[in-house]
Amino acid sequence: MDHFLYRDGVLHAEDVPLAEIARAVGTPFYCYSTATLTRHFRLFDEALDGMEHLVCYAMKAASNQAILRTLAGLGAGMDVVSGGEYMRARAAGVPGERIVFSGVGKTRDEMRLALEGGIRQFNVESEPEMRALSEVAASLGVVAPITVRVNPDVDAKTHAKIATGKSENKFGIPISRASAVYAEAAALPGLEVIGIDVHIGSQLTELEPFRQAYQKVADLTEELRAEGHDIRRLDLGGGLGIPYTRSNEAPPLPTEYGALIRETLGHLGCEIEIEPGRLVAGNAGILVSEVIYVKEGEGRDFLILDAAMNDLIRPAMYDAHHDIVPVVEPAPGVEQTPYDVVGPVCESGDTFARGRMLPPLAEGELVAFRSAGAYGAVMSSEYNTRPLIPEVLVNGREFAVIRARPTFDEMINRDTIPEWL
Ligand code: LLP
């Protein structure tokens, strides 16, 4: 469920007509709903009710500080994967003890940053990283709380580019080696082993892969405890998928996911951490764009938008489907026609959809890409020297620009020309 609905024939974000925002900020722009962000965060939080837990929002999905502050205000922790994300979370007011540091290649500088600024735990992904963290922590005279990310060799049944839990993926340590790695961790200075971490992939639309992974984590918890490790926190990653089409069969709900966690891991008495990103932000954001031209091609019509692959790369990168809807509600029964929906960037990959059935659209009309809140703005670039597009946050009848569109000068003046030129 989201809060982007037609009202009086116009698509609204909560109580604000999108056309009003378009007039104020120009197109294209991203628009997020506070109510949807709140609702989705709470669904996870409530799904774990009765178990000691912390929902650490995977801020890679959408990391604007206004979004982080909204979620932190509801009690969210943050899952960060870089020094930049760590600093951004801190700048948004998230205390270090609510930040977990994930990622396969944390540098010593990033470790230092987090150890000095305060951190809940590092999710360590390899032995070399573990040794580096031990050195850095010992040199600072502090102790780094760690979990080790295990790779359970489970097929997440999702797009290959976002599956992470098979043995051929670069993530975590093979679960078969866990015992040896934990023994080494316990012996290293500057580290305190507190738990286990697992994350098997993103946009999972079934519970079964989670069940397989979490059962392996349950077994491993007992094994490691028997070997003398005080396993008291389980970080279960993110990955629960969202419906990208209205017609799609709905993926499992956070309540069902929470019940699975209780069933597979509840008996262990561990504190539970989860790291959802997409389900919190995905359907809480849309991308609004204007039709520049409608071009008649051979056997097809092209809808040329002012948004492009640099603004929303998911269709080009993962063949991802995003529902596209006109901002002005089509009259009932209006006949739809197929369009190839494209952006102005100079490559054929800049195609959002082929043969997409839409009501007839004309120059100057607005369309919205649904489910664009996660991995949308954060993955955008200035390719073709197109300025990063603004982000807007709506809250009831209010809206605010939470990232402004840079001017051409701001973009261009980031280059410096060496004096010999
Ligand atoms: N935790 C870890 C360690 C992760 O690597 C990820 C996502 C998450 C949590 C959050 O997963 P989520 O709940 O959002 O599924 N750019 C791709 C998705 C990449 C996901 C990367 N890791 C896309 O646009 O589909």
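**Two annotated sites and the ligand shell**

Cys346 counts as exposed, since 9 C-beta neighbours lie inside 10 Å, and the cut-off for an exposed residue is 12 or fewer. This residue is where UniProt, in an unreviewed entry, places the feature "active site". In the predicted model, Cys346 sits in the loop that runs between strand S17 (337-342) and strand S18 (351-358).

A second annotated position makes a helpful companion to this one. The unreviewed UniProt entry also carries the annotation "modified residue: N6-(pyridoxal phosphate)lysine", which covers Lys60. Lys60, too, has its place in a loop, here between strand S5 (53-58) and helix H3 (65-73). Is Lys60 buried or exposed? With 23 other C-beta atoms within 10 Å, Lys60 is buried, because the threshold for that class is 20 or more. Once neighbours within four places in sequence are set aside, the contacts of Lys60 are with Val81, Glu85, Gly277 and Val378.

One of these contact partners, Gly277, leads on to the ligand. The shell around the ligand holds 20 residues, of which Ser202, Gly238, Gly277, Arg278 and Tyr375 come nearest. Sorted by class, the shell comprises eight nonpolar, eight polar and four charged residues. Two helices, H10 (278-281) and H11 (314-318), each supply at least two residues of this shell. And where does the ligand shell lie with respect to the domains? Residues of the shell come both from domain 1 (4-31 + 282-412) and from domain 2 (103-274), so the shell lies between them.

It is worth stepping back to the whole chain for context. The protein chain has 12 helices and 21 strands. Its radius of gyration is 23 Å, close to the 22 Å that the globule rule gives for 421 residues, so the chain is as compact as a globular protein of that length. The C-alpha trace spans about 70 × 60 × 40 Å along its principal axes. Of the 421 residues of the protein chain, 47% count as buried, and Lys60 is a buried residue as well. As for how the chain meets itself, contacts between residues at least 6 apart in sequence join residues at least 24 apart in 71% of cases.

Taken together, the two annotated positions make a friendly contrast for anyone browsing the model: Lys60 is buried, whereas Cys346 counts as exposed.

Methods
Residues numbered from 1 in each chain as written. Predicted model: local features only at pLDDT ≥ 70, side-chain atom pairs only at ≥ 80, totals over all residues. Near = placed C-beta within 6 Å. Helix = DSSP H or I, 4+ residues; strand = E, 2+ residues; numbered from the N terminus. Nonpolar A, V, L, I, M, F, W, Y, C, P; charged D, E, K, R; others polar. Domains from an automatic or database assignment. UniProt positions renumbered as here; feature names shortened; annotations may be inferred. Contact = placed C-beta atoms within 7 Å. Rg over C-alpha atoms; globule rule 2.2 N^0.38 Å.
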